[in-house]
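Welcome! Open the model in your viewer, keep the selection tool handy, and follow along stop by stop.

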Amino acid sequence: MTRVYNFSAGPAALPEEVLTQAQAEMLDWHGSGMSVMEMSHRGKEFMSIAAEAESDLRELMAVPTNYKVLFLQGGASSQFAMIPMNLIGRTGKADYFRTGSWSKKAIAEAKRFGDIRVAVDAEADGKFTSAPAAGEFEISKDAAYVHYTPNETIEGVEFGYVPETGEVPLAADMSSTILSRPIDVSRFGIIYAGAQKNIGPAGLTIVIVREDLIGNPIDHTPAMFDYKTHAGADSMYNTPPTYGWYLAGLVFKWLKGQGGLAGMAEINQRKATKLYQAIDNSGFYSNPVDPACRSWMNVPFTLANAELDAEFLKQAGEVDLKTLKGHRSVGGMRASIYNAMPEAGVDALIAFMAEFERKNG
Ligand code: PMP
């Protein structure tokens, strides 16, 4: 068996130790004689898996007790609608930061539900290559919430700080940056993330929401889209994504073994720094993002000659460096280096890039 270095933006690589453990437990979880996939979500075995995963996530992120942690389905894209449905009712207005492809989608969906103001538009010459600096924006006093995308997965633009929004609750799409470093959860009203990058397999969506923001949905909000439904039922109102929840739990245990989020942050920063340095020090590769806003998780880069893109991908694949093709909207390459990408994978990519440049530069 050969395990490749998979630089996919998502679904993304999972820690090998987690996959090995899941494999060992596949047919018979802890003497139950069943796979986790086959268990009732209301049975004591799965309830224990669920509770332990939640408690490990709370510990990792130091989630304050006045926040609910929900294990949902529907992806981050469903949250684009659930957030306005649940939060906009107070004033009918919300502020959004427009910093890339995913925040654009969040804005488009929110517009169905109220008066959406773009507090910051970072688009310049049709591109997104920076995030606003602290203080470069003003929040409307009557916004029911402010939404931003801390890490734009496609453009590789990341906020290096948490925006200050005063009394206005802050909503964050952390799909591609959650668990990459410690954050102060109390700065946020709501955090959400699709699991398939830094948490576990696709199909699970995590929402961390402050309790006072639950329970005021707009009229006709379906039960499944009301946070209160899920918060009041420990995410078991209907059948939750049980296997994804279990695998997320294994990832949380793995993260604790890496020194938690502080340990992970050190590794992630080191991985990203060396890859950006390799790009910047070459005359052949380039990354268009403002150095102050470069993502630790998604590193887009282009080759000096785009006609070599296909050859780059082909030769990278031959040495087991896979899924490096950039998103079709920006072109070039993108290396997603989430928590589960070993530092050795980044080193191998850097070595390959240098060799490719030597032959083609
Ligand atoms: N937001 C961000 C920042 C993303 O990267 C993605 C997926 N790549 C999404 C939202 C959409 O997530 P999902 O596919 O889980 O709906």
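Which residues are around the ligand? Before you click, please keep in mind that this is a predicted model. Now select G75, A76, S77, F80, W102, T149, N151, T153, D173, S175, Q196 and K197: these are the residues around the ligand.

**Stop 1: polar atoms at the ligand**

Stay with that selection and show the side chains. Start at S77, where an N or O atom of the side chain lies 2.6 Å from an oxygen atom of the ligand. Next, look at A76: here a polar backbone atom is 3.0 Å from a ligand oxygen. Then turn to K197, whose side chain places an N or O atom 2.8 Å from a nitrogen atom of the ligand.

**Stop 2: the two domains**

Zoom out and colour residues 16–257 and 260–360 separately; the domain assignment gives these as domain 1 and domain 2. Their C-alpha centres lie 27 Å apart. If you display the contacts across the boundary, you will find 24 residues of domain 1 touching 24 residues of domain 2.

**Stop 3: the nonpolar cores**

Which residues have the most contacts inside the largest nonpolar core? Select I199 and F252, which hold that place in a core of 58 residues. Helix α6, residues 242–257, supplies the largest share of this core, with ten residues. Both domain 1 and domain 2 give residues to the core, so it lies between them. A second core, separate from this one, has 31 residues, including A265, I279, L303 and L349.

Go back to F252 and show what surrounds it. Beyond its neighbours within four places in sequence, F252 is in contact with A53, D56, L57, L60, F71, L179, I199 and I206.

**Stop 4: L57**

From that list, pick L57, which sits in helix α2, residues 44–61. Is L57 buried or exposed? It is buried, with a relative accessible area of 1%. Leaving out neighbours within four places in sequence, the contacts of L57 are V63, V69, F71, L179, I206 and F252. For a sense of distance, draw a line from L57 to K93: they are 36 residues apart in sequence, and their C-alpha atoms are 32 Å apart in space.

**Stop 5: strand β12**

Now select residues 205–210, strand β12. Why can this strand be called largely enclosed by the rest of the structure? Five of its six residues are buried, so the surrounding structure covers most of the strand.

Add residues 67–72, strand β2, to the view: β2 and β12 run antiparallel and are joined by six bridges. One pair to click is Y67 with R210, its bridge partner in β12. Then add strand β11, residues 190–194, which is also antiparallel to β12 and is joined to it by five bridges. In this pairing, look for Y192 opposite V207 of β12.

**Stop 6: S8**

Finally, travel to the loop between β1 (5–6) and α1 (16–24), and select S8. S8 is buried, at a relative accessible area of 11%. Follow its side chain: a polar atom there lies 3.1 Å from the backbone nitrogen of G10, and the backbone oxygen of P11 is 2.8 Å from a polar atom of the S8 side chain. Setting aside neighbours within four places in sequence, S8 is in contact with K322, T323, S336 and Y338.

Terms used. Residues numbered from 1 in each chain as written. Predicted model: local features only at pLDDT ≥ 70, side-chain atom pairs only at ≥ 80, totals over all residues. Heavy atoms only, no water. Buried < 20%, exposed > 50% of the residue type's maximum accessible area, 1.4 Å probe, protein only. Helix = DSSP H or I, 4+ residues; strand = E, 2+ residues; numbered from the N terminus. Pairing = 2+ DSSP bridges. Core = buried A, V, L, I, M, F, W, Y, C linked by side-chain atoms within 4.5 Å. Domains from an automatic or database assignment. Contact = heavy atoms within 4.5 Å. Near = heavy atom within 4 Å. Polar contact = N/O pair within 3.5 Å; in protein donor to acceptor, adjacent residues only side chain to side chain.
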